[in-house]
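Colleague: I am new to reading protein models, and I would love a close look at a single part. Please pick one strand and walk me through its surroundings.

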Amino acid sequence: MLEIRDLHAFYGESHILHGVSLDVRKGEVVTLLGRNGAGKTTTMRSIMGIVGKRTGSIRLGGTELVGLPSNRIAKLGIGYVPEGRRVFPGMSVRDNLEVASFAPKPVRSDLLDRVLTLFPQLRAKSSDRAWRLSGGQQQMLAIARALMSRPKLLLLDEPSLGLAPIVVKQIFQTLRELARSGMTIFLVEQNAYHALKLAHRGYVMVTGNITMSGSGRELLENPQVRAAY
C-alpha cells in the first residue's frame with residue numbers, strides 16, 4: 001500500500017532523512033522506532049507533503065505522492081494523527097470530527113456514529129469544546145478525526161506521548177481493534193513495547209537512516225532494541 005524508496009528530506013540546509021526505504025502492506029501494522037531527533041516525524045510529514053524539500057519516491061497504491069499538496073494526499077486515502085494531537089481547541093468535539101470528513105451528509109452521520117462508538121468518552125462530550133478534554137481524550141479525538149476521512153492508511157505519530165499508562169493501554173487497545181477490522185496502520189512510537197506487541201513488522205531509525213528491520217516479535221526480542229528502547 002505504501003512504498004517509500006530512497007527518500008531524502010530537508011529543513012532548509014539541514015539534511016534530515018538519508019535515503020529511507022520502507023514498505024507498509026495492505027492490512028499490516030508497521031511501526032517506526034527511534035529516539036527523539038531520529039527523523040521519525042519528518043518521515044510522517046514527508047508522506048503528508050508537509051516537508052517542502054524532498055527527493056526520492058513515496059507511492060500510495062502506485063500513485064506518486066512527492067510533489068502533491070497535502071489536501072490531495074489526504075483525499076487519496078491517508079488519515080494523519082500528528083504528534084501533539086493538534087485538535088481544534090475552540091471547536092466542539094463533534095465539529096472537530098465533521099470538519100475532517102469528505103463524505104456527503106448521510107454518510108458523514110454514519111461515520112460520526114461509528115467513531116463515537118469506538119470512543120464512547122467522546123460521545124459523552126460531543127458538545128464540549130476540545131480544549132476542555134483531557135490529554136487522553138484529545139488523543140482519542142485526533143484519532144477519531146483521522147478516521148472520519150475513511151482512510152486506506154492511518155498514520156499515527158507518537159500516540160502515547162505524555163499520556164498516563166492506563167490511557168496508553170486504552171489507545172493501543174483501540175488500535176488493536178482497528179487492525180483487526182483490516183485497517184492498515186503506520187505507527188511512529190517511542191514506546192517500543194506496546195508498538196512492537198501490536199506491529200506485524202517494524203523498522204528502527206537512527207539519525208535519518210533505517211538501521212534495522214524485522215517482524216514485531218523479532219525486534220521485541222532483539223537485545224539491541226531492548227537495550228536502546
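Modeller: Let us follow strand β7, its neighbours and the core around it.

First, some ground rules. This is a predicted model, in which local features need pLDDT of at least 70 and side-chain atom pairs count only at pLDDT 80 or more, while totals for chains, interfaces and linings use all residues. Residues are numbered from 1 along each chain as its sequence is written, and side-chain values use heavy atoms, with hydrogens and water left out.

Strand β7 covers residues 153-157. Strands (E, at least two residues) and helices (H or I, at least four) are DSSP runs, numbered from the N terminus. Five of the five residues of β7 are buried, so the strand is largely enclosed by the rest of the structure. Buried means under 20% relative accessible area, exposed means over 50%, and partly exposed lies in between (1.4 Å probe, protein chains only).

Which way do the residues point? Leu 153, Leu 155 and Asp 157 point one way from β7, and Leu 154 and Leu 156 point the other way. In a regular strand, side chains alternate between the two faces of the sheet.

Now for the neighbours. Two strands pair if DSSP finds at least two bridges between them. Strand β6 (residues 78-81) pairs with β7 in the parallel sense over four bridges, and Gly 79 has Leu 154 as its bridge partner in β7. Strand β8 (residues 184-188) also runs parallel to β7, joined to it by five bridges; here Leu 156 has Leu 187 as its bridge partner in β8. The chain gets from β7 to β8 through helix α7 (residues 165-180), in a right-handed β-α-β crossover. Right-handed means that, with the strands pointing away from the viewer, the path from the first strand over the helix to the second runs clockwise.

Leu 156 deserves a pause. Not counting residues up to four places away in sequence, Leu 156 touches Met 44, Val 81, Ile 143, Leu 175, Ile 185, Phe 186, Leu 187 and Val 188, where contact means heavy atoms within 4.5 Å. One of these, Met 44, is among the buried residues of helix α1.

Finally, the core. A nonpolar core is a set of buried Ala, Val, Leu, Ile, Met, Phe, Trp, Tyr and Cys residues joined through side-chain atoms within 4.5 Å. The largest one has 45 residues, and those touching the most other members include Leu 154 and Leu 156. Elements giving it two or more residues include β7, α7 and β8. Apart from it lies another core, of 29 residues, and Leu 153 is among them.
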